[in-house]
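Work through the exercises below with the sequence and the model in view. Try each task before reading its solution.

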Amino acid sequence: ADADLMVIDPAREWTVDHRALHHRVDYSPYDGMVLRGAPVLTISRGEIISRDGEPTATRGRGRFLRRQPWSGWD
């Protein structure tokens, strides 16, 4: 959840393939599903980090943001 801005093409259709996803597991429960809508550009802290589904940023540039404890409904 490091994206400051994401541009989405709502008409783009794509088929889920776990090999094309950027994660460390060898499956997806959505494999083979045809979906509509896909990110085409992601910008974080003013830098383009993904274009057309491919990472463009330097590996390891993300920062861990520690969650603040929830203090209830203020």
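**Exercise 1: Charges**

Find how many positive and negative side chains the chain has, and how far apart the centres of the two sets lie.

Solution. Count Lys and Arg as positive and Asp and Glu as negative, leaving out His and the chain ends; this gives 11 positive and 11 negative side chains in the chain. Next, place each charge at NZ of Lys, CZ of Arg, CG of Asp or CD of Glu, and the centres of the two sets then lie 6 Å apart.

The model is predicted, so local features need pLDDT of at least 70 and side-chain atom pairs count only at pLDDT 80 or more, while totals for chains, interfaces and linings use all residues. Residues are numbered from 1 along each chain as its sequence is written, and side-chain values use heavy atoms, without hydrogens and water.

**Exercise 2: Elements and spread**

Determine which elements the chain has, and why it is described as more spread out than a compact globule.

Solution. Taking helices (H or I, at least four residues) and strands (E, at least two) as DSSP runs, one finds zero helices and four strands, in the order β-β-β-β from the N terminus. The radius of gyration, taken over C-alpha atoms, is 16 Å, well over the 11 Å that the globule rule (2.2 Å times the number of residues to the power 0.38) gives for 74 residues, so the chain is more spread out than a compact globule.

**Exercise 3: Burial**

Work out what percentage of the residues in the chain is buried.

Solution. With buried meaning under 20% relative accessible area (1.4 Å probe, protein chains only), buried residues make up 15% of the 74 residues.

Technical notes:
Buried < 20%, exposed > 50% of the residue type's maximum accessible area, 1.4 Å probe, protein only.
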